[in-house]
Amino acid sequence: NMNGPKHKLCTKLSSTYLRKWWITIAIGTILIIGGVLVACQFTSLINAVIDRTIALREGTKTFGWWAKPPVEPRISLYVYNVTNADDFLSNGSKAIVDEVGPYVYSEVWEKVNIVQNDNGTLSYNLRKIYKFREDLSAGPEDDVVIVPNIPMLSATSQSKHAARFLRLAMASIMDILKIKPFVQVSVGQLLWGYEDPLLKLAKDVVPKEQKLPYEEFGLLYGKNGTSSDRVTVFTGVDDIKHYGIIDRFNGRTHLPHWTTDECNRLDGTDGSIFPPHIEKTRILEVYDKDLCRLLPLVFEKEVMTANEVPAYRFTPPEWVFADVETRPENMCYCPAGKPSCSPNGLFNVSLCQYDSPIMLSFPHFYLADDSLRTQVEGISPPVKENHQFFFDVQPKMGTTLRVSARIQINLAVSQVFDIKQVANFPDIIFPILWFEEGIGGLPDEVTNLMRFAETIPPKIRVCLIVVLFALGVALLVLSTFCLIRNSHRQSTLHLEGSNYLATAQVDMNKKQNKDNAPGNQ
């Protein structure tokens, strides 16, 4: 009977001991499962946090950065100054140009009149303020240059297919107003506007509904201030895949200019932000009113930007301004059929420029036929590092870290024999100027956050996986070892106990036999 309570106590201790190790096994298993979940789901969790952080919610830091970017964009302009205008017109010599610049302006960007809409979008107007930076420029704004007379040459080129008497009348008017094919203006006037006699006349003569919106001519005329264009973009709160994408531009969902809906799309971004989690295979799209279309950007290479934030460089593909022979898809940008198509490397934006025959290209005719560059003398061959258009984008957050938007403005002049002032001006794509607009980098506050988002979560993920797996495996090994050891000890104790009882029984029997012997009776 003495063995009963002892045996129960041993069993109790043994079961508590076992339970403890079974719990340890369960904890170890849970830790390993946790490690597997972290390995599979941690990145998705971080992405969800990023998506929530960057979505445009009023009052957040991201919203503040978007509305008033903490950067100082700059635009640097290089003008093609014509050095032999008289010789070119009278003797048919090749035009000689001298590239002067840069003339640098710092910019302040701000989105104003911001209104939240019910469909997960925001509407705003963009304010751009330009300030001349003589300290960064090649000379003052009042440097004088000689350039083609864009209003005049636009009018004469447009009149090529009009009635002959109109062209002759135009020649007489130009005689009276002393209008010449080249003008001598300051850089400031060329950019911000000078009074043009032809525009002034047009304002008085042209019917009200066809009137041009200004009587001065300047390549950046009316751009210093708040734009009247109303832009509506998706906030990304409802769907991060649409983050920053333009929903409407002045109420329109498509442009009115081109021949297909695909080419009239304007559902790109303004270039400052893109939907996050960018893969190298994605084509980014930027809409700018002056480009008159969506500009596609394709991945070129990985780059390292300031503060060691890695980025993907996206640049327009070589086919973006290709002729229709090279890329038939570009046929939609020929509104009047094949004769209206641009030569290789040029893009006709006349429909966005009051029918002025303005052609855009990349600087120095980069990615265009070299014959365009050699139509005039004085333009050096293009160099990718100096003339390429690119965006450096942080792929996780979709934020533009560095951008250099480089574009050249050219005038497509048509020879018109009936107008004596331009009778000797040949059919030519005449370069006017080129510019690069962009930002060199973001402030430390922003890049530090991006570097954190880029580098810290992967390290945390690896640490968590290692710690959870190591702890889980350690606990499993330890508990399994202890259980095996315990079961071995239990069987040994059982055997020892059995032997002890057997020996005790033998002794007892011996004693009883002794007591029952006849001699003791």
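## Lysine 420 and its partner

Let us start with a residue at the surface: lysine 420 counts as exposed, because its relative accessibility is 54%, above the 50% cut-off for that class. This is a predicted model, and the values below were computed from it.

Which residue does lysine 420 pair with in a salt bridge? The partner is aspartate 175, with the closest N and O atoms 2.7 Å apart. This salt bridge links distant parts of the chain, since lysine 420 sits in the loop between strand E17 (399-413) and strand E18 (428-439), while aspartate 175 belongs to helix H5, 245 residues apart. Aspartate 175 is partly exposed, at 41% relative accessibility.

## Helix H5

Helix H5 covers residues 164-176. How far apart should its ends be? With 13 residues at 1.5 Å a residue, H5 should span 18 Å, and its end C-alpha atoms are 19 Å apart, which agrees.

Three residues of H5 are worth finding in the structure: Arg167, Ala171 and Met174 are buried. Looking down the axis of H5, you will see its buried residues fall within an arc of 65°, so they line one face of the helix. The helical repeat helps to make sense of this: an α-helix has 3.6 residues a turn, so residues three or four places apart point the same way. On the other side of H5, Phe165 and Ile176 are exposed.

## Where H5 ends

Isoleucine 176 lies in H5 and counts as exposed because its relative accessibility is 66%. Together with Ile173 and Leu177, Ile176 makes a nonpolar surface patch of about 260 Å².

Just after H5 comes lysine 178, which takes a positive phi of about 55°. For context, most residues other than glycine have a negative phi.

## More salt bridges

How many salt bridges does a search of the whole structure find? The count is 22. Besides the pair described above, one of interest is between the side chains of glutamate 110 and arginine 127, at 3.6 Å from N to O. Glutamate 110 is in strand E2 (residues 97-116) and arginine 127 in strand E3 (residues 121-132), so this pair ties together parts that are 17 residues apart in sequence. Glutamate 110 is partly exposed, with a relative accessible area of 24%, and arginine 127 is also partly exposed, at 32%.

Another salt bridge joins arginine 133 to aspartate 135, whose closest N and O atoms are 3.0 Å apart. Aspartate 135 is exposed, with a relative accessible area of 58%. Arginine 133 and aspartate 135 also belong to a network with Glu72 and Arg74, joined by salt bridges that share partners.

## Asparagine 344

Now for a polar residue under cover. Is asparagine 344 buried or exposed? Asparagine 344 is buried, because its relative accessible area is 15%, under the 20% cut-off. You will find asparagine 344 in the loop between strand E13 (309-315) and strand E14 (347-348).

What does the side chain of asparagine 344 contact? One partner is the backbone nitrogen of aspartate 323, reached at 3.1 Å. The side chain of aspartate 369 is another, joined to the side chain of asparagine 344 by a polar contact of 3.1 Å.

## Backbone features to look for

Which two residues are joined by a cis peptide bond with omega of about 5°? They are glycine 101 and proline 102. Proline 102 lies in strand E2, the strand that also holds glutamate 110. As a general point, most peptide bonds are trans.

Two loop residues have positive phi values. Asparagine 250 has a phi near 50° and sits in the loop between strand E10 (246-249) and strand E11 (284-288). Phenylalanine 365 has a phi near 60° and is found in the loop between strand E15 (358-361) and helix H8 (370-373). Their surroundings can be set side by side: asparagine 250 is partly exposed, with a relative accessible area of 40%, whereas phenylalanine 365 is buried, with a relative accessible area of 2%.

Key:
Residues numbered from 1 in each chain as written. Predicted model: local features only at pLDDT ≥ 70, side-chain atom pairs only at ≥ 80, totals over all residues. Heavy atoms only, no water. Patch = residues over 30% accessible without salt bridge, like charges linked within 9 Å, V, L, I, M, F, W, Y side chains within 5 Å. Areas by Shrake-Rupley, 256 points an atom, 1.4 Å probe, with all protein chains shown as cover. Salt bridge = Lys/Arg side-chain N within 4 Å of Asp/Glu carboxyl O. Helix = DSSP H or I, 4+ residues; strand = E, 2+ residues; numbered from the N terminus. Buried < 20%, exposed > 50% of the residue type's maximum accessible area, 1.4 Å probe, protein only. Expected span 1.5 Å × (residues − 1). Arc of directions from axis to C-beta. Polar contact = N/O pair within 3.5 Å; in protein donor to acceptor, adjacent residues only side chain to side chain.
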